[in-house]
Amino acid sequence: MLPTVAPRAQKPQGLRNATAFRAAFLGHIGTAWARASKTKTAPSVRISATELADFEFFTPSRSVGSALVIDIDRPEALLEIFDTIPTEIRPSWIVETRKGAQAGWLIDPVDLRPSARERPVAYARAVGAALRDALAGDEAVDPLTPGRVRNPTYRRAELRAPATPPVYGLKQLHQTLKTADLWPERKRFTGRSATKEAHRAVAAAMDTGNRNQTVFDVARQVAYAGGDFEAVAWETNDAAPEPLQAAEVRGIIRSIARYMVNPRGHRSAVAMPSQMRELLAEMGRRGGLANTPAQRAARALGPRASSVVRRARANTKARQAQRMRAKGHSAAAIGRKLAASRATIYRWLRRHVTHQCRVSLVEHQVFRGRPHKIQRVSNTYPGSPRATCVSSKRRCYSLPLWSGRPV
């Protein structure tokens, strides 16, 4: 009796279509590497094309345009796509989102390098703009060079696509849109000057030396308008020829976030008019050249005030040194305690000595020196501010504490 052989399990039809679509999509874009991210606000990383199915978002190539992507943020986006777009040019894929859908058309490759011909690029941009206008798509998303789009090869994507997605020529899309009366009136793409200017603007904005400033400026404008500036920062960074490191982009996002929580808001960053700036500069020049007595007194106030503070501090330290000396501390120990040199300590001990005179009610300074250098004061009475007293082995004179010399 022959053994029973179980039939081989067959893949579901939807899974087979998704696998075939993934292979066709990767074969059309023809790149071995790509930049992708797990979420919309996560930093993008460089991965191989075989790993693209694990990432929900990716950044299309900036050197070759292989598709036109339209973003529609409306719940009825899926129905509008099938009702508006003719059957001959239905999207190559549609990814449903919570807010709407993203539709993509695979096109014949268009060279986007700076050395590329300008007219094909302008033609592709015009066709993409016509598709976006027909579906009322998001104006912030460039159909030919979007910053970050949903990955149609993502394993968990809600994808609507045939196993073999169609690849359209730009002329076919153009003619079909005109026949269906979906081509905007007076839409022209002569584009030599316009495309050249766009190339220059992109090259100047995303130059390697201006990446930080460009990402910051674009994101902060979106933040001022109340938009998702974090996602825009990552998208703008992905559009650079050499994207910034993830840590730098996070720093820019934190800077904008801290500024936006400021109660004063972004209105404080409004630039001052040039006429007002010139007027204030002229007023400053006039004030500086006047040199009035009031200005001189104001300038002298600072040095005078600092001199009073320094003098008071020196007197305080001199009294501390004298008290420590009376307790038996050496000059070196006093210097270490008061952070002063030995010469300064001896000067304080010699000239700044307080003494309570027995015949004077005023605590005054005692100046040490040889008797012939001190002018004696006679005919004084007890209690006088200039009364003399005799202490052991020294002669003291009653002088004000702020005086520097005996009178």
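The exercises below work through a predicted model of one protein, each with a solution in steps.

**Exercise 1. Confidence and overall make-up**

Task: State how many helices and strands the protein has, what share of its residues count as buried, and where the pLDDT falls under 50.

Solution. Begin with the inventory: the secondary structure comes to twelve helices and 13 strands, and of the 407 residues of the protein 34% count as buried. Next, consider how the chain is connected in space: among contacts between residues at least 6 apart in sequence, 64% join residues at least 24 apart. Then turn to confidence, where the protein averages a pLDDT of 75 and 70% of the residues score at least 70. The pLDDT stays under 50 over residues 1–11, a stretch for which the model has one contact beyond four places in sequence. Over residues 359–364 the pLDDT is also below 50, but here the model has 24 contacts beyond near neighbours in sequence.

**Exercise 2. The crossing of α3 and α4**

Task: Determine the angle at which the axes of α3 and α4 cross, the hand of the crossing, and the residues that make the contact.

Solution. Two packed helices are described by the angle between their axes and the distance between the axes. The axes of α3 and α4 (residues 170–179) come within 10 Å and cross at roughly 40°. An angle under 35 degrees would count as roughly parallel, and 65 to 115 as roughly perpendicular, so at roughly 40° α3 is oblique to α4. The crossing in which α3 passes α4 is left-handed. On the α3 side the contact is made by P120, Y123, A124, V127, A130 and L131, while α4 contributes L170, K171, L173, H174 and L177. Sorted by class, this contact has nine nonpolar residues, one polar and one charged. The spacing along a helix can be read with a general rule in mind: an α-helix has 3.6 residues a turn, so residues three or four places apart point the same way.

**Exercise 3. Two helices against α8**

Task: Describe how α6 crosses α8 and how α7 crosses α8, and list the residues through which each pair meets.

Solution. Take α6 (residues 211–224) to start with: its axis comes within 10 Å of the axis of α8 (residues 246–260), and the two cross at roughly 35°. α6 passes α8 in a right-handed crossing. From α6 the contact draws on N212, V215, F216, A219, R220, A223 and Y224, and from α8 on E248, I252, S255, I256, Y259 and M260. By class there are nine nonpolar, two polar and two charged residues in this contact.

Now take α7 (residues 229–238), whose axis comes within 10 Å of that of α8 and crosses it at roughly 145°. α7 likewise passes α8 in a right-handed crossing. Here F229, E230, A233, W234 and N237 of α7 meet A246, V249, R250, I253, I256 and A257 of α8. The residues of this contact divide into eight nonpolar, one polar and two charged. Comparing the two lists shows that I256 of α8 takes part in the contact with α6 and in the contact with α7.

**Exercise 4. Alanines in loops**

Task: For A136, A140 and A339, find the loop in which each lies and decide whether each is exposed or partly exposed.

Solution. A136 is found in the loop between α3 and β7, and because its relative accessibility is 45%, A136 counts as partly exposed. Its C-alpha is 9.6 Å from that of A77, although the two residues are 59 apart in sequence. A140 also lies in the loop between α3 (118–135) and β7 (149–150); at 70% relative accessibility, A140 counts as exposed. A140 and D71 are 69 residues apart in sequence, with 9.1 Å between their C-alpha atoms.

A339 lies in the loop between α11 and α12 (342–351), and at 70% relative accessibility A339 counts as exposed. In the preceding helix, α11 (residues 331–338), A331, A333, I334, G335 and L338 are buried.

Finally, check the backbone. Most residues other than glycine have a negative phi. A136 nevertheless has a positive phi near 55°, and A339, which is not a glycine either, has a positive phi of about 55°.

Notes: Residues numbered from 1 in each chain as written. Predicted model: local features only at pLDDT ≥ 70, side-chain atom pairs only at ≥ 80, totals over all residues. Heavy atoms only, no water. Helix = DSSP H or I, 4+ residues; strand = E, 2+ residues; numbered from the N terminus. Buried < 20%, exposed > 50% of the residue type's maximum accessible area, 1.4 Å probe, protein only. Axes fitted to C-alpha atoms, helices over the stretch in contact; angles between N-to-C directions. Parallel < 35°, antiparallel > 145°, perpendicular 65-115°, else oblique. Left-handed = near helix turned anticlockwise from the far one by under 90°. Contact = heavy atoms within 4.5 Å. Nonpolar A, V, L, I, M, F, W, Y, C, P; charged D, E, K, R; others polar. pLDDT = per-residue confidence, 0-100.
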